[in-house]
Amino acid sequence: MSRHATARSPGQATRVTIRAVVLLSSVLTIVFLVSFVFSEEGISELRGARMRVDGLRAEIVELERQNARLEAEIESLEESNFAVERIAREDLGMSKPDEIVYVLPGEE
C-alpha cells in the first residue's frame, strides 16, 4: 500500500470523527426512545401523565366557573346595598339600629 492511500488529512479525520459521534448518538437516541415508548413503564407513565393533565384541565374549568360566579357576586355587591345588607343579616347576624330581631329556637 502506498502512503497516499492510507494517509488522511487532519480535516478529514475530524469530519469522520464527528460523523461517527453523530451516528452513535443518533442510534442511542432512537434506541432510548423506542425502549421508553414500548416498555410497560414508559406507556403507563405516559398514560398517568395524560390522566393528570386531563384532571388538571377539568379543575381549571371548575375554577374558572367559580371565578366567574365570584366576579358576578362582587359586581352585585358593588352595585347594590341589598346584597350587602343580606350578607350582614344572614351571615353576620347584624341588624339596623331601629329593627327588632326575633330569633327562633334552632336557628342559631
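**Notebook: a chain of helices**

Glutamate 73 and arginine 69 sit four residues apart in helix H3, about one turn of the helix. I began with this pair in the predicted model, and I found that their side chains meet in a salt bridge, 3.8 Å from N to O. I then looked up the cover on glutamate 73: the residue counts as partly exposed because its relative accessibility is 35%, between the 20% and 50% limits.

**Entry: the other salt bridges**

I wanted the total next, and the count comes to four salt bridges. One of them joins glutamate 62 and arginine 65, with 3.3 Å between N and O. How far apart are these two in helix H3? They are three residues apart, so about one helical turn separates them. I checked the accessibility of both partners. Glutamate 62 has a relative accessible area of 36% and is therefore partly exposed. Arginine 65 reaches 54%, so this residue counts as exposed.

Another bridge on my list links arginine 52 to glutamate 45, where the closest N and O atoms are 3.7 Å apart. Glutamate 45 comes out as partly exposed, because its relative accessibility is 45%.

**Entry: charge across the chain**

I moved on to the charged side chains as a whole. The protein chain carries 13 positive and 19 negative side chains. I also noted where the two sets are centred: the centres lie 27 Å apart.

Which residues form a negative surface patch? I found Glu71, Glu75, Glu78 and Glu79 there. I picked glutamate 75 for a closer look and placed it in helix H3, which covers residues 40-79. Its relative accessibility is 46%, so glutamate 75 counts as partly exposed. That value suits a patch member, because patches take residues with over 30% relative accessible area and no salt bridge.

**Entry: a nonpolar patch**

I looked for nonpolar side chains on the surface too. Ile30, Phe32, Leu33, Val34, Phe36, Val37 and Phe38 form a nonpolar patch, and together they have about 730 Å² of accessible area. I followed valine 37, which lies in helix H2, residues 10-38. Is valine 37 buried or partly exposed? I have it as partly exposed, because its relative accessibility is 44%.

**Entry: overall layout**

I stepped back to the fold. The protein chain has four helices and zero strands, and I read its pattern along the sequence as α-α-α-α.

Then I asked how the radius of gyration compares with that of a compact globule. A compact globule of 108 residues would come near 13 Å, but I have 36 Å for this chain. The box around the C-alpha atoms fits into the same entry: along the principal axes, they fill roughly 120 × 35 × 15 Å.

I took one pair as a ruler. Glutamate 59 and valine 16 are 43 residues apart in sequence, and their C-alpha atoms are 54 Å apart in space. Glutamate 59 belongs to helix H3. I also noted that glutamate 59 counts as partly exposed, because its relative accessibility is 45%.

**Entry: cover and surface**

What share of the 108 residues counts as buried? I have 4%. The protein chain exposes about 10300 Å², and I noted that carbon and sulfur atoms supply 61% of that area.

**Entry: pulling it together**

My picture of helix H3 now holds glutamate 73 with arginine 69, glutamate 62 with arginine 65, and glutamate 75 from the negative patch. For helix H2, I keep valine 37 from the nonpolar patch.

Note on methods:
Residues are numbered from 1 along each chain as its sequence is written. This is a predicted model: local features need pLDDT of at least 70, side-chain atom pairs count only at pLDDT 80 or more; totals for chains, interfaces and linings use all residues. Side-chain values use heavy atoms; hydrogens and water are left out. Patches are made of residues with over 30% relative accessible area and no salt bridge: like charges are joined within 9 Å, nonpolar side chains (Val, Leu, Ile, Met, Phe, Trp, Tyr) within 5 Å. Accessible areas come from the Shrake-Rupley method with a 1.4 Å probe; for residues, only the protein chains shown count as cover. Lys and Arg count as positive and Asp and Glu as negative; His and the chain ends are not counted. The place of a charge is taken as NZ of Lys, CZ of Arg, CG of Asp or CD of Glu. Buried means under 20% relative accessible area, exposed over 50%, partly exposed in between (1.4 Å probe, protein chains only). The radius of gyration is taken over C-alpha atoms; the globule rule is 2.2 Å times the number of residues to the power 0.38.
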